Amino acid sequence: MPSFGKEGRTEGGAVERCRLSLALLLAALCFASPTPAFAHASDRGHVLLLPTGYYVAGGALAVAASFLVLALLPPDFPARFWRRRLPLFAFGDGARAVVSLISFAGFAILVAAGLFGSRDPLSNPLPLAIWTLLWVGLVLLQGLFGNLWSWLNPWYGPWRVISRLFGNRKTWRPPAWLGCWPAFALFFAFAWFELIDPAPDDPARLAWAAGLYWLLSFAAMLVFGYRDWTRRGEFLTVFLAMVARFALLERNEGKRNEGGRNEVERKEGGRLSLCWPGAKLSNAAPLSLSGIAFLLLALSSVSFDGLSKTFFWLGLFGINPLEVPGRTAVIGIGSFGLVLTFVLLAAAFIIAIVLGQHLAGSPHSLSQAAGLLVWSIVPIALAYHVAHYLTALLVDGQYAMAALSDPFALGWNLFGTADMRIEAGAAAGAGSAWWLWNFQAGVIIIGHMLAVLVAHGLAWRLHPRPAGAALSQFPLTVLMIAYTVFGLWLLATPSVG
């Protein structure tokens with residue numbers, strides 16, 4: 001198994017490092033261009049020679065079978081299944097502001113490292129912390145253990161400090177029609193920067209973007225109030241709160257007024273319970289149109305990330321997959337694809353809901369049905385996120401641990417990991433490819449099966465009759481089967497990075 005020490009992370013640029021690892025070689029070739037551009041640390045390509053037809057057929061049959069089984073079960077099964085809880089322990093929020101202040105200090109150090117540290121995205125901790133530890137690792141932990149981000153986000157602590165220093169201030173409540181469209185717009189900008197921008201891994205460029213976003217978000221929290229803006233405008237909080245709905249841990253918590261007109265914080269103390277994955281989605285309120293769009297964008301952006309690197313997608317525009325001109329040359333194509341993927345998924349979802357409502361003869365409005373059933377997208381979006389970025393977490397997570405020990409490339413070894421050996425073999429080689437692809441395929445299939453289960457439980461809230469609930473879910477189940485096939489195809493089809 002290949003392993004590389006710190007000498008493999010030199011200042012010379014991404015291409016020299018990528019020669020050290022087959023897993024990174026295609027990424028360098030993919031994004032090499034005449035204009036300066038940094039490749040995503042997570043980008044890598046491979047051609048998988050597995051009997052994918054059997055996997056695709058098996059995945060589709062598994063999702064279809066889960067629908068049939070649920071349709072034959074007693075009507076009260078979903079409610080009895082979701083209600084089961086295992087009480088664990090209680091804890092308070094006394095240290096939440098302290099943890100957030102520590103997170104803010106760490107964020108400030110990372111931004112400084114991006115501005116003044118190494119220009120190498122595999123040696124500078126900022127790109128690795130944002131694209132790997134935050135966007136991959138934290139999302140996975142959030143989906144397993146609940147809303148860790150409410151403690152770790154770098155805004156809550158500073159906001160509490162300002163609130164204590166200047167007392168209660170009058171804030172402006174955004175109009176109800178605004179919904180979470182600001183979060184949707186910012187999430188789209190984030191997806192564009194991650195997937196389309198020529199240099200999302202350039203440490204200095206990323207530091208300016210992250211620092212400016214923190215400042216604008218903090219200013220919005222002071223104007224609109226922390227609670228209102230994190231629920232409407234701060235896209236990371238909105239997305240991670242949705243992901244946390246799928247977690248295995250649930251916290252029963254009260255609410256109390258903190259004195260500010262718009263601010264409601266957690267009550268000191270809350271009991272933690274173990275629940276089934278997705279149980280917290282069963283009692284979710286219907287989302288608004290902006291919430292529906294936000295969840296669909298979360299899924300479509302990850303799907304397009306995989307699609308945009310396939311030979312199929314590049315071939316549609318006459319691009320030789322073996323001679324990709326680089327991100328700068330395909331900005332227009334990428335932007336078009338990002339929008340198109342969202343529009344197609346949204347259209348397919350709405351058509352499935354309309355057909356389901358028609359088959360069931362539902363008296364409910366389209367907005368109510370779509371707003372409730374869109375919660376079934378959460379396990380699918382989480383499954384795609386984990387499957388798509390798993391290789392990045394396995395390899396780039398090691399680079400992150402090394403870079404955090406020496407954030408400014410000054411020869412430090414703060415955590416004793418600066419000279420750790422990077423095991424690139426965790427995501428390379430025939431053996432690793434076999435178990436990795438099987439794990440990714442399993443995650444996607446299980447995610448869709450859980451989505452069918454969640455959708456079935458939500459359908460009972462709209463259609464108390466067994467026949468009506470089953471008929472209303474049939475078109476959505478067909479869409480989920482099609483998306484299962486699409487996801488497995490994305491994993492197996494040849495890609496350039």
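What share of the contacts between residues at least 6 apart in sequence join residues at least 24 apart? In this chain the figure is 80%. Keep in mind that this is a predicted model. The chain has 497 residues, and 55% of them are buried. Its secondary structure comes to 19 helices and 3 strands.

**The cores**

The largest nonpolar core takes in 102 residues. The residues with the most contacts inside this core are Phe187, Phe239, Phe294, Leu296, Phe349, Trp375 and Leu476. Helix α18, spanning residues 430–462, gives the most to the core, with 13 residues. Apart from this core lies another one, of 13 residues, with Ala191, Val324, Leu490 and Val496 among them.

Leu296 is a handy residue to click on if you want to see how the main core is put together. Leaving out residues up to four places away in sequence, Leu296 touches Phe342, Leu345, Ala346, Phe349, Val374 and Ile377. One of these partners, Phe349, is also on the list of residues with the most contacts inside the largest core. As a general point, nonpolar side chains tend to be buried together in soluble globular proteins.

**The second largest pocket**

Now for some empty space. The second largest pocket holds about 1200 Å³, and 42 residues line it. Nearest its centre are Phe107, Leu110, Ile130, Leu134 and Ala210. The lining is heavily nonpolar on a simple count: 38 nonpolar residues, 4 polar and no charged.

Which helices each supply at least two residues of that lining? They are α5 (96–116), α6 (125–145), α7 (149–152), α9 (181–195), α10 (203–224), α12 (235–244) and α17 (377–405).

**Salt bridges**

How many salt bridges does a search of the whole structure find? The search turns up 4, and here are three pairs to look at, with N to O distances.

| Pair | N to O distance |
|---|---|
| Arg119 and Asp202 | 3.0 Å |
| Asp197 and Arg205 | 2.8 Å |
| Lys309 and Asp305 | 2.3 Å |

Side chains of opposite charge can pair when their charged atoms come close.

Take the salt bridge between Arg119 and Asp202. Arg119 sits in the loop between α5 and α6 and Asp202 in the loop between α9 and α10, so this pair ties together parts that lie 83 residues apart in sequence. Arg119 is partly exposed, at 43% relative accessibility, whereas Asp202 is buried, at 11%.

Asp197 and Arg205 form a second pair, again through a salt bridge. Asp197 is buried, with a relative accessibility of 3%, while Arg205 is partly exposed at 39%.

Are the two partners in the salt bridge of Lys309 and Asp305 buried or exposed? Lys309 counts as buried because its relative accessibility is 8%, under the 20% cut-off. Asp305 falls on that side of the cut-off too, at 5%, so Asp305 is buried as well.

**A few individual residues**

Where is Gly233? Gly233 lies in the loop between α11 (226–232) and α12. Gly233 is buried, its relative accessible area being 0%. Beyond its neighbours up to four places away in sequence, Gly233 touches Pro182, Ala183, Leu186 and Tyr213. Another residue to compare is Leu178, 55 residues from Gly233 in sequence and 9.7 Å from Gly233 in space, C-alpha to C-alpha.

Ala62 belongs to helix α3, residues 52–72. With a relative accessible area of 22%, Ala62 is partly exposed, because buried would take a value under 20%. Setting aside neighbours within four places in sequence, Ala62 is in contact with Ile445 and Met449. From Ala62 to His448 the C-alpha distance is 9.1 Å, although the two are 386 residues apart in sequence.

Last comes a backbone oddity to check by eye. Ala409 has a phi near 55 degrees, a positive value in a residue other than glycine. Ala409 is found in the loop between α17 and α18, and it is partly exposed, with a relative accessible area of 38%.

Terms used. Residues are numbered from 1 along each chain as its sequence is written. This is a predicted model: local features need pLDDT of at least 70, side-chain atom pairs count only at pLDDT 80 or more; totals for chains, interfaces and linings use all residues. Side-chain values use heavy atoms; hydrogens and water are left out. Helices (H or I, at least four residues) and strands (E, at least two) are DSSP runs, numbered from the N terminus. Buried means under 20% relative accessible area, exposed over 50%, partly exposed in between (1.4 Å probe, protein chains only). Contact means heavy atoms within 4.5 Å. On a 1 Å grid over the protein atoms alone, a cavity is a set of points where a 1.4 Å probe fits but cannot get out, and a pocket is an open set with protein on both sides within 12 Å along at least five of seven lines; lining residues have an atom within 4 Å of a point. Grid points are joined across faces, edges and corners, and a volume is the space filled by probe spheres set on the points. Ala, Val, Leu, Ile, Met, Phe, Trp, Tyr, Cys and Pro count as nonpolar, Asp, Glu, Lys and Arg as charged, and the others, Gly among them, as polar. A salt bridge is a side-chain nitrogen of Lys or Arg within 4 Å of a carboxyl oxygen of Asp or Glu. A nonpolar core is a set of buried Ala, Val, Leu, Ile, Met, Phe, Trp, Tyr and Cys residues joined through side-chain atoms within 4.5 Å.
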